[in-house]
Amino acid sequence: MAYYCYIVECSDGSYYTGWSLDPVRRAQQHNKGHGAKYTRQHRPVKLVFVEEQTDLSSAMKREHAIKTLKHDQKKRLIQEKGK
């Protein structure tokens, strides 16, 4: 089973990072107002980055690592690896 770390870009240009088994479905959930409080307040969101991880632990560690990056560093990551 694959796990994914993802980044969505919010309507105000901010980024939200999470992990999911299905990042496309998760982005749709964010847009419907389900899930994270942050994305409910910053809809709509657009899925801009997906990175496959081997297991849940790796996905959660990668999520944490990305969350510690500054906005411009996340933007660079998105541009380099893309969706």
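Start by selecting lysine 81: this residue is exposed, with a relative accessible area of 52%. Here, exposed means over 50% relative accessible area, buried means under 20%, and partly exposed is in between (1.4 Å probe, protein chains only). Before you click on, know that this is a predicted model, where local features need pLDDT of at least 70, side-chain atom pairs count only at pLDDT 80 or more, and totals for chains, interfaces and linings use all residues. Residues are numbered from 1 along each chain as its sequence is written, and side-chain values use heavy atoms, with hydrogens and water left out.

**Stop one: the partner of lysine 81**

Now add glutamate 51 to your selection. Lysine 81 makes a salt bridge with glutamate 51, and their closest N and O atoms are 2.9 Å apart. The pair ties together parts that are 30 residues apart in sequence, because lysine 81 lies in helix α4 (residues 71-81) and glutamate 51 in strand β3 (residues 46-53). A salt bridge here is a side-chain nitrogen of Lys or Arg within 4 Å of a carboxyl oxygen of Asp or Glu. Helices (H or I, at least four residues) and strands (E, at least two) are DSSP runs, numbered from the N terminus. Is glutamate 51 buried or exposed? With 10% relative accessibility, glutamate 51 counts as buried.

**Stop two: along helix α3**

Next, select lysine 67 and glutamate 63. These two form a salt bridge too, with the closest N and O atoms 3.1 Å apart. Both sit in helix α3 (residues 56-67), and being four residues apart, they are separated by about one helical turn. Lysine 67 is partly exposed at 41% relative accessible area, while glutamate 63 is buried at 12%. Keep Glu51 and Lys81 on screen and add Arg62: salt bridges that share partners join Glu51, Arg62 and Lys81 into one network.

**Stop three: a pair with both ends partly exposed**

Jump to aspartate 22 and arginine 25. They form a salt bridge whose closest N and O atoms are 4.0 Å apart. Aspartate 22 is partly exposed at 32% relative accessibility, and arginine 25 is partly exposed at 38%. By the rule above, the count comes to five salt bridges. Why do such pairs turn up? Side chains of opposite charge can pair when their charged atoms come close.

**Stop four: threonine 17**

Head to strand β2 (residues 15-20) and pick out threonine 17. At 2% relative accessibility, threonine 17 counts as buried. What does threonine 17 touch? Leaving aside residues up to four places away in sequence, its contacts (heavy atoms within 4.5 Å) are Cys5, Tyr6, Ile7, Glu63, Ile66 and Lys67. You have already met Glu63 and Lys67 as salt-bridge partners.

**Last stop: zoom out**

Show the chain as a cartoon and look for four helices and three strands. From the N terminus on, they run β-β-α-α-β-α-α. The C-alpha atoms fill a box of roughly 30 × 25 × 20 Å, taken along the principal axes. Of the 83 residues, 40% count as buried. Contacts also reach along the sequence: among those with a separation of 6 or more, 57% are between residues 24 or more positions apart.
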